[in-house]
Amino acid sequence: MPETALPASATKPAWDKLAALADAPDGRLITPLFKADPTRAETFSASFQDMFLDFSKTSISPEALAGLLDLARAAEVEDFIKRLFAGEPVNMTEHRSAMHMALRSKPDAGYRAVLPEGGFEDASAVAAHERARMEKFVRAVHDGSIVAADGKPFTDVLNIGIGGSDLGPRMVSQALTFVHGAKIEPHFLSNVDGHAFAQFARQLDPARTLVLVASKTFTTLETMTNGHAARDWMAAALGEDAVHHQFAALSTNLKETGKFGIPEDRVFGFRDWVGGRYSVWSAIGLSVALAAGWDEFEHFLAGGRAMDGHFRDTPLEKNLPALMALTGIWNTDILGARTLCILAYDARLARFPAYLQQLEMESNGKSTRLAGDRVAHQTCPVVFGEPGTDAQHSFMQLVHQGPALVPVDFILAAEPDHDRPEAHRILASNVFAQAEALLAGKTLAAVTEEMKKAGDDDATIALVAPHRVFTGERASTTILQKKLDAYSLGRLIVLYEHKVAVQGAIWGINSFDQWGVELGKKLAQSIIPQLEPGAPIGTHDASTTALMHRFRSLRGEA
Ligand code: F6P
């Protein structure tokens, strides 16, 4: 057992206490907590700068909050935070630090990270060095001193990457250029599906496009397939030489980027202490900087850095990521919620739920504890979401009236970045209304009364009223900030990053590896040649074999 792994027995009494609190009469209700404590809205909230976190609309009582904090202490969360920031190899299955904080740190912050060959390196300095190279490149593209093969400026940037090499830059670029447009129009190609490539080949002019092949490992099948397709597309249109002018690589793997034919001065690197899902702050964020501008990228890093400082230095009772983590633990493990719904009332954050799906589920969708035994609790909930108010007209029916508890994170900026304040009041009113409806619900008596007033007869009321009842007592958390800009978006992302890390520490799992994606990748590699016309189909389960035969016969290639 690794020396930092805690036995499950260390946290068992704290878990048992929480379960007992939930099982007590009214232990899962929210409204009595508000009745009992008129100050609950203040005491069950916390803030950092202008970011406000309200977790009062949950069934966490004062005793439960104390119990959750006891759980965090029993799980040695404070020690975990120290080890994380000290660059200890918290990613123990790969013997790596999880030092993404260095990417947004000041150059002299002194964050360090474990080197594969042993010892530590100055991660802040390494990150600053690469950031300076990125800045030079981005500014040169913007001022026209780096141009396309024909000597004219770039108008479009195509980021080819998947997972962490796509979701972060895609989400952040969209958010930061949504209203005022981009300096260079960003595009994102992730799916190996040839239809996706065909769409870009139709839309983009190869002569005006800068291609970024973004892959930490530079071996990911999807990205390499699309990277080669883009290379062929450009070489066919402009000649092989254009590839040298119009391609750059974002990767940790210099050997492979060289093999691909990208010159070293066009390779922007990062280290293996940056996990894919934490890499938007690294060279992987180059498309963000190209689209939104270097200064915006710096503001983005500054927001992330500010939240790092808050997380590292604030006691758990006032620590936003820790409080969010504990709220999630209560909802998931104690109340049994299997999902988490992310509702950002902000069209600019349309990709935020997709981003969080990887962050949360790839980090904490695990069942084996550091100690090697199986977790005794649920770990990561299934994360899903859509921007509000769109979501209200699709899946919110289930959230309000379905039998399962679906906790919601509402996210809202008080000030819009447009000049229609009335539209923003309408948007905001829906956040408050949804959260209030989830909490308060509507009783049969209230529905009956309402229907009577509307002139419905008794038979109609008896038939319809039960369907119009809302049980209420449904948990939500609200994150409210002054506005959404590069700084506050950086802060918001890091809030979730550290929330996920705290939850991983409490569950006793490694949040920083992702072995669960390997098996499917390997099998796909072995199946590819078996889909060639006439190739023998290997040994599979009967269903897979039959489907492969049918696939080939539908293509006339049996
Ligand atoms: O499939 C999982 C994964 O390894 C992610 O963790 C990662 O973000 C993604 O693939 C892409 O990896 P790479 O950046 O190495 O191409």
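Helices are DSSP runs of H or I with at least four residues, numbered from the N terminus. By this count, E76 is found in the loop between helix 4 and helix 5. The model is predicted. E76 is not a glycine, yet its phi is positive, at about 60°. The residue is partly exposed, with a relative accessible area of 37%. That value falls in the partly exposed class because buried means under 20% and exposed means over 50%.

Helix 5 follows the loop that holds E76. This helix covers residues 77-85. Its buried residues are V77, F80, I81, R83, L84 and F85. An arginine, R83, is thus listed among them. The cover over these buried residues includes helix 4 (62-74), helix 13 (294-313) and helix 20 (486-507). Just after helix 5 comes G87, with a positive phi of about 75°.

Two further backbone features lie in loops. Phi of D26 is near 65°, again a positive value in a residue other than glycine. D26 sits between helix 1 (12-23) and helix 2 (31-36). The peptide bond that joins G388 and T389 is cis, with omega at about 10°. T389 belongs to the loop that runs between strand 11 (382-385) and helix 16 (396-401).

At the level of the whole fold, the protein chain contains 22 helices and 13 strands. It is divided into three parts: domain 1 (8-74 + 306-440 + 474-507), domain 2 (100-292) and domain 3 (517-554). Domain 1 is therefore written as separate segments, because the assignment lists 8-74, 306-440 and 474-507 under it. The C-alpha centres of domain 2 and domain 3 are 33 Å apart.

The overall dimensions agree with a compact globule. For 558 residues, such a globule would have a radius of gyration near 24 Å, and the protein chain has 26 Å. Along the principal axes, the C-alpha atoms fill a box of roughly 75 × 60 × 60 Å. Of the 558 residues, 51% are buried. Contacts were also sorted by sequence separation. Among those between residues at least 6 apart in sequence, 73% join residues at least 24 apart.

Surface and charge complete the description. The accessible surface of the protein chain is about 24,200 Å². Carbon and sulfur atoms account for 56% of that surface. Positive side chains number 54 and negative side chains 68. The centres of the two sets lie 1 Å apart.

Notes
Residues are numbered from 1 along each chain as its sequence is written. This is a predicted model: local features need pLDDT of at least 70, side-chain atom pairs count only at pLDDT 80 or more; totals for chains, interfaces and linings use all residues. Side-chain values use heavy atoms; hydrogens and water are left out. Helices (H or I, at least four residues) and strands (E, at least two) are DSSP runs, numbered from the N terminus. The radius of gyration is taken over C-alpha atoms; the globule rule is 2.2 Å times the number of residues to the power 0.38. Buried means under 20% relative accessible area, exposed over 50%, partly exposed in between (1.4 Å probe, protein chains only). Contact means heavy atoms within 4.5 Å. Accessible areas come from the Shrake-Rupley method with a 1.4 Å probe; for residues, only the protein chains shown count as cover. Lys and Arg count as positive and Asp and Glu as negative; His and the chain ends are not counted. The place of a charge is taken as NZ of Lys, CZ of Arg, CG of Asp or CD of Glu.
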